[in-house]
Amino acid sequence: MTDTPVPILMYHSVATDPNEATRELSVTPDAFAEQMAAIAERGLTPVGTAELAARWRHGRALPARPVLITFDDGYEGVHRHALPVLAKHGFAATLFVSTSWIRGAHDTGGGLDTMLDWDQVRDLASVGVEIGGHSHSHPQLDQLDDATLRHELIHCKEIVTDELGTVPASFAYPYGYSSRRVRQAVRETGYAQALAVGNGLARRRQGPYALRRVTVRRATDAEEFARLVEGRALARNFARDRALTKGYAVVRRARQVRRKAIRSRV
């Protein structure tokens, strides 16, 4: 079987006037509409996360020119601005929710901007948007101890199941961070696949728990978006992101070593 590369687009907020915390990773409603029109014009086929993973898992052929449209966190603009555009084109999409950020009974006030409420999440699910897990409180999962990690995964899954009546099959790592231990915990929690970031194309050989995505942000213009969905020049596009990620990885590893040393002395 050929390992067809697939662009998985990672969106966050879709908003005209987002706050500073979400601005860089937001897109305007007009830009989102133009990007979806570009997908339609190129003859790409949006599919859900569970569908892509299931086709790869069972060796089934992919649709012509597949692409995934995903949203992280659960910002209100996904319902207000993105949903009408997705419905216009008949596009599949996946929304990954951090359950303590969604307005309602489980909200702890940590959301970075105006978030969806559960009625809106149910509305999205009712028209075919796949709802996946994104942890409960959006921590860096690989920095957590085992008990806290499992609570974040299980509590998120239980809340989504209770609110929607369906068990989420897909997961996205907050900040894109994972590790072998985190991926194993995600699998054991019952998620069938999980998305990272990596700013590269997804491939079957990455395995179902480390599929890469490409970031769409406020600075993404029409030319750059075309490169993302066509998989062109991604290394150059995200060179700065990779450099920053490598530098921060050193800091995060040092923090993790210090935490383990402190725990061993307790």
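In this predicted model, Tyr-11, Phe-32 and Phe-71 form one aromatic cluster. A search of the whole structure finds six aromatic pairs. One of them joins Phe-32 to Phe-71, with 5.8 Å centre to centre and 50 degrees between the planes. The geometry of this pair is tilted. Phe-32 is in helix α2 and Phe-71 is in strand β3, 39 residues apart, and the pair links these distant parts of the chain. Phe-71 has a relative accessibility of 1%, under the 20% limit, and therefore counts as buried.

Phe-32 itself belongs to helix α2, which covers residues 29–41. Its relative accessibility is 0%, so Phe-32 also counts as buried. Beyond residues up to four places away in sequence, Phe-32 touches Tyr-11, Val-14, Val-27, Phe-71, Ala-82, Val-85 and Leu-86. Tyr-11 and Phe-71 thus appear both in the cluster and among the contacts of Phe-32. Arg-218 lies 186 residues from Phe-32 along the chain, yet the C-alpha atoms of the two residues are separated by 9.9 Å.

Phe-71 also leads into the strand pairing. Its bridge partner in β4 is Leu-95. Strand β3 (residues 66–73) pairs with β4 in the parallel sense, over four bridges. Between them runs helix α4 (residues 77–89), and β3, α4 and β4 make a right-handed β-α-β unit. From β4 the chain crosses through helix α5 (residues 118–126) to β5, again as a right-handed β-α-β crossover. The pairing of β4 with β5 is parallel and has four bridges. Here Val-97 stands opposite Gly-133 of β5.

In a regular strand the side chains alternate between the two faces of the sheet. Strand β4 (residues 94–97) has Thr-94 and Phe-96 pointing one way and Leu-95 and Val-97 pointing the other. Residues on both sides are buried. Leu-95, the bridge partner of Phe-71, and Val-97, opposite Gly-133, point the same way from β4.

Ser-135 follows in the loop between β5 (130–133) and α6 (146–164). With a relative accessibility of 0%, Ser-135 counts as buried. Its side chain reaches the backbone nitrogen of His-138 at 2.9 Å. Leaving aside neighbours within four places in sequence, the contacts of Ser-135 are Val-97, Ser-98, Thr-99, Leu-141, Glu-152, Cys-156, Phe-171 and Pro-174. Val-97 of β4 is therefore in contact with a buried loop serine.

Another contact of Ser-135, Phe-171, takes part in a further aromatic interaction. Phe-32 and Phe-71 form a tilted pair. Phe-171 and Tyr-191 form an aromatic pair that is tilted as well, at 5.0 Å centre to centre and 55 degrees between the planes. Phe-171 lies in strand β6 (residues 170–172) and Tyr-191 in the loop between α7 (180–189) and β7 (193–198), so this pair ties together parts that are 20 residues apart in sequence. Phe-171 is buried, at a relative accessible area of 0%. Tyr-191 is buried too, at 1%. The ring of Tyr-191 has a second partner: the charged end of Lys-157 sits over it, 6.0 Å from its centre.

Conventions: Residues numbered from 1 in each chain as written. Predicted model: local features only at pLDDT ≥ 70, side-chain atom pairs only at ≥ 80, totals over all residues. Heavy atoms only, no water. Helix = DSSP H or I, 4+ residues; strand = E, 2+ residues; numbered from the N terminus. Buried < 20%, exposed > 50% of the residue type's maximum accessible area, 1.4 Å probe, protein only. Polar contact = N/O pair within 3.5 Å; in protein donor to acceptor, adjacent residues only side chain to side chain. Contact = heavy atoms within 4.5 Å. Pairing = 2+ DSSP bridges. Right-handed = clockwise from strand over helix to strand, strands pointing away. Phe/Tyr/Trp six-rings, centres within 6.5 Å; stacked < 30°, edge-to-face > 60°. Lys NZ or Arg CZ within 6 Å of the ring centre and 35° of its normal.
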